[in-house]
Amino acid sequence: MLTVHLGMERAVLLPALAALPGVDLSALVGDFITVLQGGRLEDPAVVDVREIPHGQRHPRIFTRFTRLAAQESFVLVNNHDPKPLRREFEATHPGRFTWEYVESGPEQWQIRITRVDGDA
């Protein structure tokens with residue numbers, strides 16, 4: 001039974017996860033291992049990316065978004081207006097999220113990103 005399950009993960013689950021736009025697959029695999037070992041995933045209500053290197057910010061944000069159920073949200077904290085990120089969300093998840101500015105600079109931006117079922 002376990003062999004069949006692992007085969008399905010390799011043949012179906014991992015390719016499907018790898019196809020998700022902007023997602024850090026290694027982080028999702030790490031999440032899977034954490035759960036299998038009896039751990040709990042951290043689902044922060046606030047994702048502060050100000051101290052994260054620029055090349056790692058978007059994958060971290062999209063990975064957090066992927067974990068959301070419909071109508072769940074998180075607040076993104078950044079040191080600039082993340083307009084390129086919003087365009088990336090619009091291109092990869094059209095109609096599947098809302099984007100609400102909670103704070104708009106000049107030193108800090110906070111955006112509530114919510115996953116929605118259909119058209120936003």
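**A tour from Trp99 through the sheet**

Select Trp99 first: this residue is buried, with a relative accessible area of 10%. The model on the screen is a predicted one.

Keep Trp99 selected and add Tyr101. The two rings form an edge-to-face aromatic pair, 6.4 Å from centre to centre and with 75 degrees between the planes. Tyr101 counts as partly exposed, because its relative accessibility is 31% and partly exposed covers the range between 20% and 50%.

Now look at how many aromatic pairs there are. The count comes to 6. One of them joins Phe97 and Trp99: the arrangement is edge-to-face, at 6.5 Å centre to centre, with 80 degrees between the planes. Phe97 has a relative accessibility of 7%, so this residue counts as buried.

Next, select Phe62, Phe65 and Phe89 as well. Together with Phe97, Trp99 and Tyr101, these residues form one aromatic cluster.

**The sheet**

Switch to a cartoon view. What is the order of the strands in the open sheet? The 4 strands follow the order 1-2-4-3, and their pairing is mixed. At the edges are strand 1 (46-48) and strand 3 (97-104), each of which pairs on one side only. On average, neighbouring strands of this sheet are turned by 20 degrees against each other, direction ignored.

Which helix packs on the sheet and touches strand 1, strand 2, strand 3 and strand 4? Select residues 54-67: this is helix 3, and its direction makes about 165 degrees with that of strand 2. Then select residues 83-92, which are helix 4. Helix 4 lies across strand 2, strand 3 and strand 4, and runs at about 170 degrees to strand 3.

**Strand 4 and its partners**

Select residues 109-115 for strand 4, and residues 73-78 for strand 2. These strands run antiparallel and are joined by 6 bridges. Two places to check along them are Val75, which stands opposite Arg112 in strand 4, and Leu76, whose bridge partner in strand 4 is Ile111.

Turn to strand 3. Strand 3 and strand 4 also run antiparallel, with 7 bridges between them. Here Glu100 stands opposite Arg112 in strand 4. Arg112 therefore has Val75 opposite on one strand and Glu100 opposite on another.

Follow the chain from strand 3 into strand 4. This hairpin has 4 residues between the strands, and Gly105 takes a positive phi near 70 degrees there.

Is strand 4 mostly covered or mostly open? Strand 4 is mostly covered, with 6 of its 7 residues buried.

**Last stop: Thr114**

Select Thr114, which has its place in strand 4. Thr114 is buried, because its relative accessible area is 12% and buried means under 20%. Show the contacts of Thr114, leaving out residues up to four places away in sequence: Phe65, Gln71, Glu72, Ser73, Arg96, Phe97 and Thr98. Among them, Phe65 and Phe97 also belong to the aromatic cluster, and the tour can return from there to Trp99, the partner of Phe97 in an edge-to-face pair.

Technical notes. Residues numbered from 1 in each chain as written. Predicted model: local features only at pLDDT ≥ 70, side-chain atom pairs only at ≥ 80, totals over all residues. Heavy atoms only, no water. Phe/Tyr/Trp six-rings, centres within 6.5 Å; stacked < 30°, edge-to-face > 60°. Buried < 20%, exposed > 50% of the residue type's maximum accessible area, 1.4 Å probe, protein only. Axes fitted to C-alpha atoms, helices over the stretch in contact; angles between N-to-C directions. Contact = heavy atoms within 4.5 Å.
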